[in-house]
Amino acid sequence: MFTVEQIKEAHAKVKSGEDFPNYIQDLIILGVKGYDTFVNDGHVEYYGVNGYSVTSDEKYNPISIAATPNKELFIEFLVKHQHGETDYLTFCNHAGQCGIAKWRVDIVEMTCTYFDMAGNEILIEKIPD
């Protein structure tokens, strides 16, 4: 099964949102089926087959999550990030500002779902191949 170190190696190639589809392909090769990224501190829980999971450490200082989601503003920030206009930490700060508490990447379904603090789905998008 995969390790956090292998995932870190794959993630090191990601410089912006433009690199995300290649990162997903690397995770598929490792056997990752999905993962949850927590905006407040950047830790990630990765899932594989048969209940296998690993969790990464926090990546940055705590980010506040707005109590009320702002889907429209979040979509604006997301599009900028996907076009390589912001780095990862800036995107995470923008997500928190817009009330996004975590996102879940489902590699089997090839979707990314963004959730608020209450666990409500705010946005679901298809991951490009």
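Colleague: Quick one on F74: buried or exposed?

Modeller: Buried. This is a predicted model, and in it F74 has a relative accessible area of 0%.

Colleague: And F91, buried or exposed?

Modeller: F91 is buried too, at a relative accessible area of 4%. That falls under the 20% cut-off, so F91 counts as buried.

Colleague: How many aromatic pairs are there?

Modeller: The count comes to 9 aromatic pairs. One of them is Y23 with Y35, an edge-to-face pair with 6.3 Å centre to centre and 65° between the planes.

Colleague: Where do Y23 and Y35 sit in the chain?

Modeller: Y23 is in helix α2 (residues 20-30) and Y35 is in strand β1 (residues 34-38). They're 12 residues apart, so to speak a link between distant parts of the chain. Both Y23 and Y35 are buried.

Colleague: Back to F74 and F91, then. Why is that pair tilted?

Modeller: Because their planes are at 40°, which is neither under 30 nor over 60 degrees. The ring centres are 5.9 Å apart.

Colleague: Which helices does the F74 and F91 pair link?

Modeller: F74 belongs to helix α3 (residues 71-82) and F91 to helix α4 (residues 88-97), with their positions 17 residues apart in the chain.

Colleague: Which residues form one aromatic cluster with F74?

Modeller: Y88, F91, W103 and Y114 join F74 in one cluster.

Colleague: Changing topic: what sits over the ring of F115?

Modeller: The charged end of K102, 5.4 Å from the centre of the F115 ring.

Methods:
Residues numbered from 1 in each chain as written. Predicted model: local features only at pLDDT ≥ 70, side-chain atom pairs only at ≥ 80, totals over all residues. Heavy atoms only, no water. Phe/Tyr/Trp six-rings, centres within 6.5 Å; stacked < 30°, edge-to-face > 60°. Helix = DSSP H or I, 4+ residues; strand = E, 2+ residues; numbered from the N terminus. Buried < 20%, exposed > 50% of the residue type's maximum accessible area, 1.4 Å probe, protein only. Lys NZ or Arg CZ within 6 Å of the ring centre and 35° of its normal.
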